[in-house]
Amino acid sequence: MSQTDDNALQADAGTARHSRAQLAYGALLGAAGGAVGWALGEPVVGLTPAGQAARLAVTLVCSAVYSAVIGGAIGTADGLKERSRETALSGCKVGAAFGLLGGLGGGWVGERIYEALAGLGFALVGRSLGWLVVGLFIGASVGAAARSFRRGLFGAIGGMLGGYIGGGTFELADLVVSSERTARLLALVLTGGFIGCLITLVEEMVKEAWLIVLNGKLEGVRFILTKASVAIGRTSRADVRLMGYDDVSRDHARIVLEGSTFWLVVGEDSSGALVNGRKATRVALADGDRIQIGKARLAFQCRTRSTAAGGDRSEAPAAGAVGPVPESRPGSSPQASPASGSPTLAKPPPPAGAGPYLETPSGPFVLRSAVVRIGSDRSNDLVLSQGDVRPFHAEIRWAKGRWVVFDVSGGAGLLVNERPTPENLVKEGFRIQVGSVKLVFRAVGT
């Protein structure tokens, strides 16, 4: 891996430092929106209409202006980070529209509750609930702009929290600042900052997988994968927008979540892709995999769904490195022990001094890398030409000090000790069946 890649990953989105920077960025945009909204809304605040209905109308107009500007500012976040004017403008429009609706709804809710509770000393609650509605709409707008229900859901949760906390600052600002104008400015800046910060905070807390760009104009930019099918290409409609990179097609590839596995699926009309330096058309991704799409290099990072070792996985551990292993990983089938007596396959002589290997119908196959791909496609490490073996059927990975076999066939099935399993630890003598082909795992040679 190049020094450039190392530098980009040192600023990886999974680190606490980068997460704090993202929170500060969201807070700054929200606070800036609050300040601009204050400047635009002050002329309306100065109006003193007669009648309750007219005063309510002024309140709603002010609330709508404040919320639309805060929503628009927060909506530019993705485009600014990607240095894309088109994406920023699109996000700004969606954020402003949702903020406008939230401001009208939140202004009405807040005013009604404020009037009902003010005499009881609970005016703060009315303000907070009104801004909670505003935050809900602004947070949902982030998902609407990205066309992601999941992102919208968690954005709305973060926005509601930020809005509720920020709404309370209006009453507190009145207590600590003598000037009403200054108090409104302070409260709007804090409220916008809380909304932007907590939308980002919730997104950081629930993220499962993401891509980091390692080179070019987007170096260091992170794309969180919040959809079951994430489009990668050179168009503003893509989820991972690789603008300005040569040899990237408009709809180049997708990352698809199937069960517990993230798959990279490359489009037929594209120039192809590499995963860890190897050509790929459909491959299961593991944490730390390096992906090259056109001239763009990316790192795949996964927090919860994959435990396979990442990085430059060119060397498997030495034979002696395979030691005691813990119980089966959560979600895998119960571990079976090898049956006593001879296995289904006759044991051939192991390669002298070899590390872990597989007994196959054609002889021993030494596991020379930390990810061994098995299937009928000739690009696999172990090629099995039987008709019922899928092109990309299984993988054996060195993961956290142990060997694990994964079913990557998309439904064709994998057996370990005659039991169907999506993934399973393998130990000395364990029997692995890929299609109709029977293999035996041997931990060490002699």
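The side chains of R397 and E395 meet in a salt bridge, with 2.7 Å from N to O. A salt bridge here is a side-chain nitrogen of Lys or Arg within 4 Å of a carboxyl oxygen of Asp or Glu. R397 is buried at a relative accessible area of 4%, and E395 is buried at 3%. Buried stands for under 20% relative accessible area, exposed for over 50%, and partly exposed for values in between (1.4 Å probe, protein chains only).

The structure is a predicted model, in which local features need pLDDT of at least 70 and side-chain atom pairs count only at pLDDT 80 or more, while totals for chains, interfaces and linings use all residues. Residues are numbered from 1 along each chain as its sequence is written, and side-chain values use heavy atoms, with hydrogens and water left out.

**Salt bridges**

The count of salt bridges comes to 15. Among them, several share partners and join E42, E180, R181 and R184 into one network. The table sets out three pairs.

| Pair | N to O distance | Relative accessible area |
|---|---|---|
| R397 and E395 | 2.7 Å | R397 4%, E395 3% |
| E204 and K207 | 3.0 Å | E204 5%, K207 3% |
| D239 and K227 | 3.0 Å | D239 14%, K227 25% |

In the pair formed by E204 and K207, E204 is buried and K207 is likewise counted as buried. The pair of D239 and K227 joins a buried residue, D239, to a partly exposed one, K227. D239 lies in the loop between strand 3 (229–233) and strand 4 (240–241), and K227 in the loop between strand 2 (222–224) and strand 3, so this salt bridge ties together parts that are 12 residues apart in sequence. Helices (H or I, at least four residues) and strands (E, at least two) are DSSP runs numbered from the N terminus.

Strand 3 also holds I232, which is buried with a relative accessible area of 1%. The C-alpha atoms of I232 and A253 are separated by 5.2 Å, although these residues are 21 apart along the chain.

**Helix 7 and the nonpolar patch**

Helix 7 covers residues 149–176, which makes 28 residues. From its first C-alpha to its last it reaches 40 Å, close to the 40 Å expected at 1.5 Å a residue; the expected span is 1.5 Å times one less than the number of residues. Helix 7 bends by about 30° at F170, the bend being the angle between axes fitted to the seven residues ending there and the seven starting there.

A nonpolar surface patch of about 740 Å² is made by Y164, I165, L172, L175, V176, L186, L190 and F194. The elements giving two or more residues to this patch are helix 7 and helix 8 (180–206), and helix 7 gives the most, with 5 residues. Patches consist of residues with over 30% relative accessible area and no salt bridge, with like charges joined within 9 Å and nonpolar side chains (Val, Leu, Ile, Met, Phe, Trp, Tyr) within 5 Å. Accessible areas come from the Shrake-Rupley method with a 1.4 Å probe, and for residues only the protein chains shown count as cover. One of the patch residues, L190, lies in helix 8 and is partly exposed at 35% relative accessibility.

**Cysteines**

A search of the whole structure finds 0 disulfides, a disulfide being a pair of cysteine sulfur atoms within 2.5 Å. C92 is partly exposed at 27% relative accessibility, whereas C302 is buried at 6%.
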